Amino acid sequence: MHRVVVLALDGVYPFELGIPVRIFGSATGPGGTPLYEVLTCGIDGRPVRSSADFAIAVEHGHEIIETAGTLVIPPFGCGPAVAPGCPPPIADALSRLRPGARIVSICTASYLLAAAGLLDGRPATTHWAEAERFKALFPEVDVNADVLFVDDGDVLTSAGVAAGIDLCMHLVRRDHGSEVANRVARRCVVPPWREGGQAQFIERPVPEPDAAATSATRAWALGELHRPIPLAEMARHARMSVRTFSRRFRDEVGMTPGQWLARQRVDLARRLLETTDLPVDRIAEQAGFGTSASLRQHLVASIGVPPSAYRHTFRTARTPPRTDRERVGERSPF
C-alpha cells in the first residue's frame, strides 16, 4: 500500500491539512480495499499550532517521512519568511525523504520547497497572488501562475487552497486511473477534473450581468468531439462573434477554445483506453484526433506516454492482447 505522509508545520491551515486524508483516504480498489495509507506528522511530535484558534495533536514525529512514498506539505503561513534558506529542523525532516519518493506542496508551501532548493530549474506554481513575489525571491524557479497545479514527476506543486484537491485527485488518477479517481470524486463530492487554471480566479472586472456565457457551447461541444469543431462554429453556437467568443471563453475557462478542445479529446481518449477494448485507431477517431499518430502525439505531450503504454497500465484483466495494428509506431513508451 502506498504511504502518504502529511507534514504539519506550525501555522498550518486546517482545510488544506485535511485534503490529503480525504482524497487519498477515499481511494479504494476492488472490494473496497484501501489504496493509500495516510499518516500525519510534525517536526517534534508536539501539538502543532494551526492558523485558526486551535492546535492539532499529531501522533508521529518527522521520522516517518523516511517511510513515505509521497510527502505532502500543506501551507502554514510561512510565505517569504523561509527565504532564502530552509529552517534547519525542516531541512532535516525533508532530508529523510527516500530517493524516488514524491514531494507535494499545496499553495504557499511551495516557498518551502523553493527555499530547500527542490524547485531549482523546475516548473512550479503557487497561489496567483504570491506569484510575482515568489519569482523575485526564487528566480531560478520556472513559475507558472496560470495553472492549478504542476506535475514535474517527483516534485508537484499546486495553486491556492482548493487546488490542493485538484492535485491530489490528479495523483489518484495518475496512480490508479480515471475509474478510481471518479469514484473518489463522487464520494467527496468534488469535480474529478476542473477546467481551466488560476487565470479564471485572478481578480478582474466582473462581466456585465447580461453577458452571454459559453457553458452551453462547451456542453454541446463535448457531444461533438468525434469531429472537427472550428472556432467559428463554436462562436455561432454561442451566438457571438469569433472575437467576442474567444475573449469570453478565455475569461470563463482560463484557456483558449482550441486548448480546451484538445484537453477534452485527450480525456475522452484516456477513458476509452482504460475502459474499452477498442483499437487505438478507433479511439483516435471517436476522440476527434483522426489518426492514431495524432492521438499518440497529443497523449505523449499531455501525460508523457503513448496510448499503448497508457492502456497497458490501466487495462483490466479481461482485456485481450493488443493487435499488431495497434503496435505499429508504439514500440517505445517515450
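The legends below describe close-up views of a predicted model.

Residues are numbered from 1 along each chain as its sequence is written. In this predicted model, local features need pLDDT of at least 70 and side-chain atom pairs count only at pLDDT 80 or more, while totals for chains, interfaces and linings use all residues, and side-chain values use heavy atoms, without hydrogens and water.

**View 1. The open sheet.** Six strands, in the order β2-β1-β5-β6-β10-β9, make an open sheet with mixed pairing, where strands are DSSP runs (E, at least two residues; helices are H or I, at least four), numbered from the N terminus, and two strands pair if DSSP finds at least two bridges between them. Because β2 (36-41) and β9 (149-151) each have a single partner strand, one side of each of these edge strands is left without a neighbour in the sheet.

**View 2. Strands β5 and β6.** Strand β5 (residues 70-73) runs parallel to strand β6 (residues 102-105), and four bridges join them; Ile73 stands opposite Ser105 in β6.

**View 3. Helices α7 and α9.** Helix α7 (residues 215-222) packs against helix α9 (residues 242-253) at an angle of about 90 degrees, the axes being 11 Å apart, with axes fitted to C-alpha atoms over the stretch in contact and angles running from 0 to 180 degrees between N-to-C directions. The two helices α7 and α9 are therefore roughly perpendicular, a term for angles of 65 to 115 degrees. Ser215, Thr217 and Arg218 of α7 meet Phe245, Phe249, Glu252 and Val253 of α9, contact meaning heavy atoms within 4.5 Å.

Terms used:
Angles under 35 degrees count as roughly parallel, over 145 as roughly antiparallel, 65 to 115 as roughly perpendicular and the rest as oblique.
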